[in-house]
Amino acid sequence: MAHLIFGDQTRPLGLGVLSIGSGVEATWRIREPDLLRVHALVMSDGSTGTATISRANADAEISVNGELLTGEPHRLQPGDVIVMAAVHEFLFVSEAPLSVTGTGTGWLRDARRDRIYALGQEATTIGREAGSTVLVQEPEVQRVHARLERDGDAIRLLPEVGALMLLNGNKVERSTRLADGDAIGIGRTVLWFTVDPPVRRALETANAMRTNHYSRQVPTGKLGVVERREEREVRQRRLWQRAITGLALLLLLGIGGVLAWRYGIVESVLQYLG
């Protein structure tokens, strides 16, 4: 599968269109003031690793290997360097880089913002500071909230002093070794840790579960610990939503019946029918 690399972020290109920009409507949101809200569109077939890039707006400045794009989509080749707004550099590769697929590495997945972070050999920082590897811009998050450091083949979570963090729902205050499927809670954000790179079909299934079109017929492929847990949570949340909707309807019917009886509507209808 083809990937786009931007700084410490690696984005797999599955089937469909990936929009890149600074606005909330962008699939891959990059908070840079010189990027348009939706700056670029990358279309990939997901299977052969081929992809094209085009401008999402006539004002968007995009160059590939130093050549500015015009109106037609540009077909990307492995190793192409894409520059947006003259300064933001992306690298297009046909396969996941070794820092992503090698042994002893890990991934952090922010499902809320639809972002995936590859954990390499260097320490990873989590916080609201602009230079953080994993950027979480929420008021309750410290500038540097936590670090992830390597311990042999393992990865350990190190909260900063005074930082409130949850690991699988439990408060964590000291260095803790992460296990596959762990959920790291920071502010209103949950970061899922996994030792395996997310596969395309698992990502498509997770996206399908967030829509109203999810059913048992959606192929699940090889779901990892994170995807299986998300699937359970989605089903539980939908059961609660249906139960609450049913109770609300019963309550409305009850209130309507009481009001109808109180104001004699029922009696009037019975007399009319009689």
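Phe6, Trp28 and Phe90 are linked into a cluster by ring pairs. Keep in mind as you look around that this is a predicted model.

How many aromatic pairs does the structure hold? There are two aromatic pairs. Let's start with Phe6 and Phe90: their rings are stacked, with 4.6 Å from centre to centre and 20° between the planes. Phe6 sits in strand S1 (residues 3–6) and Phe90 in strand S11 (residues 88–93), so this pair ties together parts that lie 84 residues apart in sequence.

Now for the pair of Trp28 and Phe90. Here the ring centres are 5.7 Å apart and the planes stand at 85°, so the pair counts as edge-to-face. Trp28 belongs to strand S4 and Phe90 to strand S11, so to speak two distant parts of the chain, 62 residues apart, that the pair links.

Are the three residues of the cluster buried or exposed? Take a look at the table.

| Residue | Relative accessible area | Status |
|---|---|---|
| Phe6 | 14% | buried |
| Trp28 | 1% | buried |
| Phe90 | 1% | buried |

Each of these counts as buried because the cut-off is under 20% relative accessible area.

Next stop: a histidine. Where does His39 lie? You'll find His39 in the loop between strand S4 (28–29) and strand S5 (40–44). Although His39 lies in a loop, His39 is buried, with a relative accessible area of 1%. What does the side chain of His39 reach at 3.1 Å? That would be the backbone nitrogen of Leu36. A polar atom of the His39 side chain also lies 3.1 Å from the backbone oxygen of Glu61. If you set aside the neighbours within four places in sequence, His39 still touches plenty of residues, among them Ile20, Asp34, Arg55, Asn57, Ile62 and Met84. Glu61 is in that contact list too.

Finally, let's turn to a sheet. Five strands make up an open sheet with mixed pairing, and their order is S15-S14-S16-S17-S20. Which strands stand at the edges? They are strand S15 (134–135) and strand S20 (176–177); each has a single partner strand, so one side of each is left without a neighbour in the sheet. Strands of a sheet pair through backbone hydrogen bonds, and they can do so in a parallel or an antiparallel way. For strand S14 (residues 124–127) and strand S16 (residues 146–151), the pairing is antiparallel, over three bridges. To spot this in the model, find Thr124, which stands opposite Leu148 in S16.

Note on methods
Residues are numbered from 1 along each chain as its sequence is written. This is a predicted model: local features need pLDDT of at least 70, side-chain atom pairs count only at pLDDT 80 or more; totals for chains, interfaces and linings use all residues. Side-chain values use heavy atoms; hydrogens and water are left out. Helices (H or I, at least four residues) and strands (E, at least two) are DSSP runs, numbered from the N terminus. Buried means under 20% relative accessible area, exposed over 50%, partly exposed in between (1.4 Å probe, protein chains only). A polar contact is a pair of N or O atoms within 3.5 Å; within protein, one must be able to donate a hydrogen and the other to accept it, and residues adjacent in sequence count only if both atoms are side-chain atoms. Contact means heavy atoms within 4.5 Å. Two strands pair if DSSP finds at least two bridges between them. Rings of Phe, Tyr and Trp (its six-membered ring) pair if their centres lie within 6.5 Å; planes under 30 degrees apart count as stacked, over 60 as edge-to-face and the rest as tilted.
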